[in-house]
Amino acid sequence: IRVASGAIIAFTDADCIPDSDWIATGVSALDECGGACVVGGDVIVQMPTAPTAVELYQSITGFEQQDNIERLGFSVTANLFVHRSQFARVGDFDESLLSGGDLDWSKKATVAGCQLRYAPAAIVRTQPRKTLPVAIRQARRVAGGRLGLKGKGWVGAAQFRPAPKRTALQALLWIIRHPELSVIDRMRVLFVAVVLKLAHVAETLRLRLGGRAERR
């Protein structure tokens, strides 16, 4: 960011592949909504031909960018456009956060008066994580990031506390009734969901007892 010279900064992740018109579409969406604006495009998790249980889980849960932006008030940096002048006004990312830096920055942008807009035609694509150990590592990192965000006041603050997408029971029923999954695949995905939830809870407990958060 500090060495970039353009008037617009576009973010994506190292494991994402943007569509050929990604830049043009994102810049156009940014221009349409004016200067004090942050645009988040769609992030599509591509389903492999013969997915593992973890790939199935990540493919159906996905990034859910539209909901992130329109209901939760943030955009993941896997697909984000902002004018350099607005970024400078909001400030840099908090490098002390091991996860959730995009949520933290988006909230700062909102407080600074920026509007968040969803641009579904500005698309990047990514592959889901394949194995359970890798997904567990991600769940632990996210747990550490969430505690860091709580420490900054974003998570739990009244103005940033939307209703949860699904309760635990609703999430269970959503997986069991998922129309795109066979009965066997529903059981596979449910197993992954339970393991990752337990990993998240265990990591949160470890950190609250004095453990140190990891980024890996």
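Is Arg 208 buried or exposed? Arg 208 is exposed, its relative accessible area being 54%. The close-ups below come from a predicted model, and the first of them starts with this residue.

**View 1. A patch of positive charge on the surface brings together Arg 146, Lys 150, Lys 197 and Arg 208.** Two elements, helix 6 (132-152) and helix 8 (183-208), each give two or more residues to this positive patch. Arg 208, the residue we opened with, belongs to helix 8. With a relative accessible area of 54%, Arg 208 counts as exposed.

**View 2. A nonpolar patch on the surface is formed by Leu 169, Leu 172, Leu 173, Ile 176, Val 183 and Met 187.** Together these side chains offer about 500 Å² of accessible area. Helix 7 (168-176) and helix 8 are the elements that give two or more residues to the nonpolar patch. Helix 7 gives the most, with four residues. Met 187 has its place in helix 8, and at a relative accessible area of 44% Met 187 is partly exposed.

**View 3. Strand 3 (residues 37-45) and strand 5 (residues 115-126) run parallel, joined by nine bridges.** To find your way along this pairing, look for Val 38, whose bridge partner in strand 5 is Leu 116. Another pair to pick out is Val 45, which stands opposite Thr 126 in strand 5. How many of the nine residues of strand 3 are buried? Eight of them are, so strand 3 is largely enclosed by the rest of the structure.

**View 4. Strand 3 also pairs with strand 4 (residues 79-83), and these two run antiparallel.** Three bridges hold this pairing. A handy landmark is Val 39, which has Phe 81 as its bridge partner in strand 4.

**View 5. Strand 2 (residues 16-18) runs antiparallel to strand 5, with three bridges between them.** Here Pro 18 stands opposite Val 124 of strand 5. While you are in this part of the model, look for the salt bridge between Arg 125 and Asp 19, with the closest N and O atoms 2.9 Å apart. Arg 125 lies in strand 5 and Asp 19 in the loop between strand 2 and helix 1 (22-32), so the pair ties together parts that are 106 residues apart in sequence. Arg 125 is partly exposed, with a relative accessible area of 27%.

**View 6. Helix 2 (53-61) leads into a loop in which Glu 64 has a positive phi.** Helix 2 itself is mostly covered, with seven of its nine residues buried. Those buried residues are Ala 53, Val 54, Glu 55, Leu 56, Gln 58, Ser 59 and Ile 60. Gly 62 follows helix 2, and its phi is positive, near 60°. Most residues other than glycine have a negative phi. Glu 64 has a positive value all the same, with phi near 50°. This residue sits in the loop between helix 2 and helix 3 (65-72), and Glu 64 is partly exposed, with a relative accessible area of 31%.

**View 7. Within helix 3, Arg 71 and Asp 67 form a salt bridge.** The closest N and O atoms of this pair are 3.1 Å apart. Arg 71 and Asp 67 are four residues apart, about one turn of the helix. An α-helix has 3.6 residues a turn, so residues three or four places apart point the same way. Both partners count as partly exposed: Arg 71 at 32% relative accessibility, and Asp 67 at 22%.

**View 8. In helix 8, the side chains of Arg 188 and Asp 185 meet in a salt bridge.** The N to O distance is 2.8 Å. These two residues are three apart, again about one turn of the helix. Arg 188 counts as partly exposed, at 29% relative accessibility. Elsewhere, salt bridges that share partners join Arg 2, Asp 92 and Glu 95 into one network. How many salt bridges does the structure hold? There are eight, among them the Arg 188 and Asp 185 pair of this view.

Note on methods. Residues are numbered from 1 along each chain as its sequence is written. This is a predicted model: local features need pLDDT of at least 70, side-chain atom pairs count only at pLDDT 80 or more; totals for chains, interfaces and linings use all residues. Side-chain values use heavy atoms; hydrogens and water are left out. Patches are made of residues with over 30% relative accessible area and no salt bridge: like charges are joined within 9 Å, nonpolar side chains (Val, Leu, Ile, Met, Phe, Trp, Tyr) within 5 Å. Accessible areas come from the Shrake-Rupley method with a 1.4 Å probe; for residues, only the protein chains shown count as cover. A salt bridge is a side-chain nitrogen of Lys or Arg within 4 Å of a carboxyl oxygen of Asp or Glu. Lys and Arg count as positive and Asp and Glu as negative; His and the chain ends are not counted. The place of a charge is taken as NZ of Lys, CZ of Arg, CG of Asp or CD of Glu. Buried means under 20% relative accessible area, exposed over 50%, partly exposed in between (1.4 Å probe, protein chains only). Two strands pair if DSSP finds at least two bridges between them.
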